[in-house]
Amino acid sequence: MDFEPYRGELVAYCYRMLGAFEEAEDLVQETMLRAWKARDRYDRTRASVRTWLYRIATNACLTALEGRARRPLPSGLGAASEDPAAPLTPALDIPWLQPFPDARFDAEVRTDLRLALVAAVQTLPPRQRAVLLLREVLEFTAAEVAEQLGTSSAAVNSALQRARAALVGVSGVEQVTEPDDPETRAVVQRYVRAFEAADVPALVRLLTDDAVLEMPPVALWYRGSGDYGLFMERVFRMRGTGWTATPLTANGQPALAAYAPEPGGRRRLHSLQVLNLTGGRVAHNVVFVGPRVGDAFGLPREICSD
């Protein structure tokens, strides 16, 4: 049995279930180990290898999620802040949603990984979460999902209806921006130029009127191009100018690796910014901050100035 061809899609599935990339990798490794140990009991007349692996992965995810709080983004925890000068205190006790490193996986694996959808899915009970992903994203039949979860097709269909109803009207879930779209690339390039030049008015012109900015592990967040701009002015006052931003993708969305200026001409990785664009403007920026934020993406922690 060769399980490796399924590794990428299983990592994406476990990431959607858990909201954490490194933990998803660990659970997929555990899934592969369980499958190898149980290979003599596999019955190809009952399920394909792929369906069997998803059953093992689903059970591993459900066990991992027992008694655990969901992984949110700041915008999922409370109202937007109205003070661009509010203290930037990290909430390290909250298990924040993590970004997904696109470049490590084939394009088909990255379907429906955008942050708004993954964050919304985290609000569902674990079994509803599994049913929604297995049926809607991975397109297993109700009978296959029932077999994977040890339940009936009727129960699967009922759970799917409840999951769909819970996600109706969730902001950003239906917004899809392709990172390779020429217009998207052009907007991102203009955003990078404005960011590196610390040109806040130019940044604001690239935003929608109700653009959202959030910065896990800091729990506060802002809505509106005005507060977005005021906060960016604060960032450049605090950390200086001369930043470098490297475009990449995360969660099937355009993203930036932002390097802050350091003494001696070095620049240190400060954040991974995942953008959502709509109508040719930035509607949402999730700024993941922390010393290890780029590890899963293979990003250097420091770079030299040109």
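1. Two strands are taken to pair if DSSP finds at least two bridges between them. In this predicted model, strand E3 (residues 244-250) and strand E4 (residues 253-261) pair in the antiparallel sense, and they do so over 7 bridges. Within this pairing, threonine 249 stands opposite proline 254 in E4.

2. The connection between these strands also deserves a comment, since E3 and E4 form a hairpin with 2 residues between them. In the turn, asparagine 251 has a positive phi of about 55°.

3. On the helices, I note that the axes of helix H5 (residues 126-137) and helix H6 (residues 142-149) come within 10 Å and cross at roughly 145°, and that the crossing of H5 and H6 is right-handed. From H5, the contact is made by Arg127, Ala130, Val131, Leu134 and Arg135, while H6 contributes Ala142, Val145, Gln148 and Leu149. Sorted by character, the residues of this contact of H5 with H6 divide into 6 nonpolar, 1 polar and 2 charged.

4. On the cysteines, a search of the whole structure finds 0 disulfides. For cysteine 61, the closest cysteine sulfur is that of cysteine 14, at 3.5 Å, which is too far for a bond, because a disulfide requires the two sulfur atoms to lie within 2.5 Å.

5. The surroundings of two cysteines may be set side by side. Cysteine 61 has 0% relative accessibility and therefore counts as buried, whereas cysteine 304, with a relative accessible area of 52%, is exposed.

Definitions and conventions: Residues are numbered from 1 along each chain as its sequence is written. This is a predicted model: local features need pLDDT of at least 70, side-chain atom pairs count only at pLDDT 80 or more; totals for chains, interfaces and linings use all residues. Side-chain values use heavy atoms; hydrogens and water are left out. Buried means under 20% relative accessible area, exposed over 50%, partly exposed in between (1.4 Å probe, protein chains only). Axes are lines fitted to C-alpha atoms, for helices over the stretch in contact, and angles run from 0 to 180 degrees between N-to-C directions. Helices (H or I, at least four residues) and strands (E, at least two) are DSSP runs, numbered from the N terminus. A crossing is left-handed if the near helix is turned anticlockwise from the far one by less than a right angle, and right-handed if clockwise. Contact means heavy atoms within 4.5 Å. Ala, Val, Leu, Ile, Met, Phe, Trp, Tyr, Cys and Pro count as nonpolar, Asp, Glu, Lys and Arg as charged, and the others, Gly among them, as polar.
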